[in-house]
Amino acid sequence: MSLDPPTYLNSLQNNIRARPIPWEGAVRAGTITDSDLKRIKAVDKVRKDQRRQTVEGDKDAYKSLLLGDEQGKSVLESAAKRADVIQYMLVLASDLINDVPSLASALFEHPSPFKPFLPLLSHSTNPEDAIPLLTSSFLANLISVAQTDSSKPVPQTDEALPKLYSYLSNLTKSQDSGLQDIAVQEYSALLRTKKARELFWKQRQDTVYPLIDILRTAVGAGRDSDSTMWSGGASIRSATEAGLSGGVGLQLLYHVLLTIWQLSFEGSLIGKDLEKEQEVLALYTQLLRLSPKEKTTRLLLSTLLNLLTPSANRSTLLPIATTVRLPVLLTNLKGRHLTDPDLLDDLSTLTALLSDYTSSQTTFDEYASEILSSRLRWSPPHRDAQFWRQNARKILDDNQGELPKKLSEILDKKWEDDKQVLAIACNDVAWLVKEAPEKRGQLEKLGVKARVMELMADENEGVRWESLRAVGEWLRYSFEG
């Protein structure tokens with residue numbers, strides 16, 4: 001999969017190609033050798049076919065130029081004090097492996113194919129410094145070509161990737177969308193093999209989670225403020241050609257979604273932890289709701305399918321997908337004028353998967369899934385008197401009291417950005433006390449009564465009302481007893 005080079009990087013490379021380099025002076029100063037200069041001039045500013053013929057005719061010479069050999073250092077090491085020469089050679093090196101892919105395979109025959117390049121990633125802490133930017137571009141191209149064309153595994157790649165991922169992760173944390181896009185496109189170029197994806201996931205705090213933060217920004221929700229996603233409060237109208245409501249451009253959004261889609265091919269490995277740590281199903285459901293282009297909708301659906309399909313994930317993720325109302329949204333999507341055949345296939349498969357799951361679930365199962373997700377909404381069971389008459393004791397006793405323990409955990413949080421959760425939890429406590437008064441002690445031991453009494457003074461009117469109702473049920477049975 002080939003992406004257009006990021007505008008900023010492309011402009012930087014073109015500017016460097018146009019710069020005059022006093023090569024003869026560099027030879028006289030001992031910065032490079034005369035043989036280095038001859039090799040450089042033979043492939044610099046020439047037609048691609050001539051460049052290819054020259055390099056393929058003497059690949060060992062160009063391998064030595066870039067990586068060094070027993071007779072001398074790499075040109076990058078010998079010119080360490082000349083930033084202009086290093087920048088020029090990094091651009092030329094990228095051009096060489098792009099125009100002559102067989103050179104990449106030749107470089108990997110060297111015992112240390114990354115040695116001259118990896119130190120350049122830490123050349124500066126300035127994210128706009130040209131040398132590490134150009135180095136990361138070269139390494140991403142080199143490894144990508146090797147992953148595609150190399151006939152045998154390159155163990156050195158597994159050692160280089162974590163360092164490259166670490167550098168790129170700093171770009172994704174930048175406030176500059178141009179630098180973010182450079183990093184994300186290079187991630188995409190690298191995630192072509194299972195091993196590369198596994199290493200990427202292993203560093204997920206630095207690699208994956210900043211990408212999730214970009215997606216949260218796109219839907220207008222911060223890392224600790226997901227009420228917008230769970231309530232579905234945003235509208236498709238907030239998505240424009242320029243970007244989504246959070247100001248994330250559609251190009252960057254697409255590239256981030258593409259990268260996570262590539263990672264999702266390891267769905268069995270990443271699915272449960274990605275949901276547990278980042279609540280990705282709610283995020284992707286909201287992104288689907290906002291998605292203004294078929295190409296972003298296609299990536300969203302395909303990623304969800306990759307995460308939900310593995311048998312290891314189904315018992316954990318399908319209940320959450322139902323809680324965040326993904327099935328309803330998929331039904332709505334079918335009403336849009338969608339034409340992409342792959343998109344339509346994924347939509348059909350995903351709809352069938354969720355339909356099979358929901359058809360086998362009881363109302364109790366749905367309620368339990370919602371409680372375990374921690375994100376409560378006013379779904380029908382919460383206000384259904386018959387549901388509580390039939391299920392209150394089961395809720396308190398099922399799986400060694402798992403649900404009331406979770407309800408207690410929910411009440412213990414402040415939910416500053418989603419007070420509705422506290423109101424619904426207090427409502428549920430009121431029903432439990434009303435329908436199973438003999439179980440009040442179980443709830444009191446969990447600290448539920450004390451917390452509900454505290455919430456009577458909450459600033460939110462809905463929370464105050466529902467907590468007052470819950471305390472009222474407690475008092476009623478206390479007086480009756």
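Q: Which residue's ring does the charged end of Lys-394 sit over?
A: Bear in mind that this is a predicted model: local features need pLDDT of at least 70, side-chain atom pairs count only at pLDDT 80 or more, and totals for chains, interfaces and linings use all residues. Numbering runs from 1 along each chain as its sequence is written, and side-chain values use heavy atoms, with hydrogens and water left out. For a charge to sit over a ring, NZ of Lys or CZ of Arg must be within 6 Å of the ring centre and within 35 degrees of the ring normal. The charged end of Lys-394 is 4.2 Å from the centre of its ring, which belongs to Phe-364.

Q: How far is the charged end of Lys-295 from the centre of the Tyr-254 ring?
A: Here's another lysine with its charged end over a ring, that of Tyr-254. The distance from Lys-295 to the ring centre comes out at 4.7 Å.

Q: How many aromatic pairs does the structure hold?
A: Rings of Phe, Tyr and Trp (its six-membered ring) pair up if their centres lie within 6.5 Å; planes under 30 degrees apart are stacked, over 60 edge-to-face, and the rest tilted. By that count, the number of aromatic pairs is 11.

Q: What is the angle between the planes of Tyr-187 and Phe-200?
A: These two rings are 4.7 Å apart, centre to centre, and their geometry is edge-to-face. The pair links distant parts of the chain, 13 residues apart, with Tyr-187 in helix H11 (residues 177–190) and Phe-200 in helix H12 (residues 194–202); helices are DSSP runs (H or I, at least four residues; strands are E, at least two), numbered from the N terminus. The planes meet at 75 degrees.

Q: Are Tyr-187 and Phe-200 buried or exposed?
A: Buried means under 20% relative accessible area, exposed over 50%, and partly exposed in between (1.4 Å probe, protein chains only). Tyr-187 has 0% relative accessibility and Phe-200 has 1%. Tyr-187 therefore counts as buried, and Phe-200 also counts as buried.

Q: Which partner does Trp-261 have in an edge-to-face aromatic pair?
A: The centres of this pair are 5.0 Å apart, with 75 degrees between the planes. Trp-261 is buried because its relative accessible area is 18%, whereas its partner is partly exposed at 46%. That partner is Phe-265.

Q: How far apart are N and O in the Glu-24 to Lys-41 salt bridge?
A: A salt bridge needs a side-chain nitrogen of Lys or Arg within 4 Å of a carboxyl oxygen of Asp or Glu, and the count here is 25. Glu-24 is in helix H2 (residues 23–28) and Lys-41 in helix H3 (residues 34–43), so this one ties together parts 17 residues apart in sequence. Glu-24 is partly exposed at 38%, and Lys-41 is partly exposed at 44%. Their N to O distance is 2.7 Å.

Q: Which residue meets Arg-51 in a salt bridge?
A: The N to O distance is 2.8 Å, and both side-chain owners, Arg-51 and Asp-99, are buried. Arg-51 sits in helix H4 (residues 48–57), and its partner, 48 residues away, in helix H7 (residues 83–99). The partner is Asp-99.

Q: About how many helical turns separate Glu-198 and Lys-194?
A: The closest N and O atoms of this salt bridge are 3.6 Å apart, and the two residues also join Arg-197 and Glu-266 in a salt-bridge network. Glu-198 is partly exposed at 28%, as is Lys-194 at 49%. Because they are four residues apart in helix H12, the separation is about one.

Q: Which helix holds Lys-63?
A: At 14% relative accessibility, Lys-63 counts as buried. Contact means heavy atoms within 4.5 Å, and, leaving out residues up to four places away in sequence, Lys-63 touches Gly-68, Leu-103, Ala-106, Leu-107, Glu-109 and His-110. Its helix, residues 59–67, is H5.

Q: What is the approximate area of the nonpolar patch made by Met-453, Met-456, Trp-465 and Leu-468?
A: Patch residues have over 30% relative accessible area and no salt bridge, with like charges joined within 9 Å and nonpolar side chains (Val, Leu, Ile, Met, Phe, Trp, Tyr) within 5 Å. Areas come from the Shrake-Rupley method with a 1.4 Å probe, and for residues only the protein chains shown count as cover. Leu-468, in helix H27 (residues 461–480), counts as partly exposed at 44%. The patch covers about 420 Å².
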